[in-house]
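I opened the notebook to go through one structure, entry by entry. The plan was to look up surface patches, the nonpolar core, salt bridges and backbone angles.

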Amino acid sequence: DTKNLLETISYLPASSKYKIYLIDEVHMLTPESFNALLKNLEEPPPHVIFMFATTEIDKVPATILSRCLQLNLRLLSEEEITKQLSKIFKEEKISFDDESLKIISKSASGIMRDALTISDKVFYYCSGKLKKEDVQTLLGIPSEEKIFTLLDILKDKDSKGLYEFFENFDENDSCQNLLESLMKSIQEISLMQFSPDKESNLSNYAEMTPEYLQLIYQIGLSNKIYFETSSDPKGLLSMT
């Protein structure tokens with residue numbers, strides 16, 4: 001296929017100024033294909049532009065990389081995703097609240113394509129009207145009340161309260177999402193201690209010592225990896 005592609009390079013474009021060859025996941029090419037490309041990458045015809053895309057840059061040979069201009073695509077911020085989703089939803093005349101967009105943007109982890117995929121699922125689940133509670137239910141994201149309850153328990157080192165929390169635990173909740181949300185809150189509290197004047201709904205927990213917060217975070221981090229293989233996520237969460 002690479003040889004066939006290279007045979008067409010010398011021909012001028014029919015209507016545009018350039019012929020652009022876009023190869024997605026270029027790291028999947030064989031060594032023979034890469035070798036065939038080298039000559040044309042080093043001295044491409046003036047009317048030809050090669051564009052390579054890859055998610056595994058380390059698998060692309062150094063001889064190829066040295067002949068390319070490398071552009072690393074960054075993850076988007078939650079604010080950028082929220083702004084773009086708001087624009088799309090307004091154009092599509094989809095009803096939404098601001099909290100719904102924030103939840104979707106956070107769940108997308110910086111990837112706009114994932115944000116759109118999540119939005120599709122949420123749109124059909126919510127019958128075209130996005131509400132915070134429905135979005136949280138669909139994505140298995142715990143409510144702020146549950147996170148605050150856990151933070152209160154941790155702040156007071158209330159083992160009895162922790163036992164009661166799991167006695168009344170909703171089996172529909174995602175245990176992994178609950179732990180990750182708790183860890184994000186702990187991280188925010190830790191950072192907040194460097195700027196105590198910053199207003200936050202987590203200010204009540206700033207009295208926890210940095211060492212204690214670090215310990216809780218480290219325990220959560222150590223056990224988070226086991227959720228993918230655990231047959232008892234609730235038990236794993238309660239032991240964590």
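The entries below follow the order in which I looked things up.

**Entry 1: the model.** I noted before anything else that this is a predicted model.

**Entry 2: nonpolar core.** I looked up the largest nonpolar core and found 25 residues in it. The residues with the most contacts inside this core are Leu-151, Phe-165, Phe-169, Leu-178, Ile-189 and Leu-237. I then asked which elements give two or more residues to this core. They are H8, H9, helix H10 (175-192), helix H11 (210-224) and helix H12 (233-239). H10 supplies the largest share, eight residues.

**Entry 3: negative patch.** I went to the surface next and looked for gathered charge. Asp-152, Asp-156, Asp-158, Glu-164, Glu-167 and Glu-207 make up a patch of negative charge there. Helix H8 (144-156) and helix H9 (159-167) are the elements that give two or more residues to the negative patch. H8 and H9 also appear among the elements that give two or more residues to the largest nonpolar core.

I picked Glu-164 for a closer look and located this residue in helix H9. Is Glu-164 exposed, partly exposed or buried? Its relative accessible area is 42%, so I wrote Glu-164 down as partly exposed. The cut-off for joining a patch is over 30% relative accessible area, with no salt bridge, so the 42% of Glu-164 satisfies the area condition.

**Entry 4: nonpolar patch.** I also searched the surface for nonpolar side chains. Tyr-18, Ile-20, Leu-22, Ile-49 and Met-51 form a nonpolar patch, and together they have about 480 Å² of accessible area. Strand E1 (19-23) and strand E2 (48-52) are the elements that give two or more residues to the nonpolar patch. Ile-20 sits in strand E1. I entered Ile-20 as exposed because its relative accessibility is 52%, and the exposed class begins over 50%.

**Entry 5: salt bridges.** How many salt bridges does a search of the whole structure find? The search gives five. I wrote up the following pairs.

- Glu-43 and Lys-39 form a salt bridge, with their closest N and O atoms 3.6 Å apart. Both residues are exposed.
- Arg-67 and Glu-42 form a salt bridge, with the closest N and O atoms at 3.2 Å. This pair links distant parts of the chain, 25 residues apart: Arg-67 is in the loop between helix H3 (62-65) and helix H4 (78-91), and Glu-42 is in helix H2 (residues 31-42). Arg-67 has 31% relative accessibility and counts as partly exposed.
- Glu-99 and Lys-102 meet through their side chains in a salt bridge at 3.8 Å, N to O. Both are in helix H5 (residues 98-107), and because they are three residues apart there, about one helical turn separates them. Glu-99 is partly exposed at 33% relative accessible area. Lys-102, at 46%, also counts as partly exposed.

**Entry 6: positive phi.** I checked the backbone for phi values of unusual sign. Most residues other than glycine have a negative phi. Ser-109 is not a glycine, yet its phi is positive, near 55°. I found Ser-109 in the loop between H5 and helix H6 (112-125).

Lys-157 also has a positive phi, of about 50°, and is not a glycine. Where is Lys-157 found? This residue is in the loop between H8 and H9. With a relative accessible area of 62%, Lys-157 is exposed.

**Entry 7: pairs apart in sequence.** I took down two C-alpha distances. Thr-63 and Phe-34 are 29 residues apart along the chain, and their C-alpha atoms are separated by 8.8 Å. Thr-63 belongs to helix H3 and is partly exposed, at 39% relative accessible area.

Glu-211 and Ser-190 are 21 residues apart in sequence, with 9.6 Å from C-alpha to C-alpha. Glu-211 lies in helix H11. I logged Glu-211 as exposed, its relative accessible area being 59%. H11 is also one of the elements that give two or more residues to the core of Entry 2.

How values were computed: Residues are numbered from 1 along each chain as its sequence is written. This is a predicted model: local features need pLDDT of at least 70, side-chain atom pairs count only at pLDDT 80 or more; totals for chains, interfaces and linings use all residues. Side-chain values use heavy atoms; hydrogens and water are left out. Patches are made of residues with over 30% relative accessible area and no salt bridge: like charges are joined within 9 Å, nonpolar side chains (Val, Leu, Ile, Met, Phe, Trp, Tyr) within 5 Å. Accessible areas come from the Shrake-Rupley method with a 1.4 Å probe; for residues, only the protein chains shown count as cover. A salt bridge is a side-chain nitrogen of Lys or Arg within 4 Å of a carboxyl oxygen of Asp or Glu. Lys and Arg count as positive and Asp and Glu as negative; His and the chain ends are not counted. The place of a charge is taken as NZ of Lys, CZ of Arg, CG of Asp or CD of Glu. Helices (H or I, at least four residues) and strands (E, at least two) are DSSP runs, numbered from the N terminus. Buried means under 20% relative accessible area, exposed over 50%, partly exposed in between (1.4 Å probe, protein chains only). A nonpolar core is a set of buried Ala, Val, Leu, Ile, Met, Phe, Trp, Tyr and Cys residues joined through side-chain atoms within 4.5 Å.
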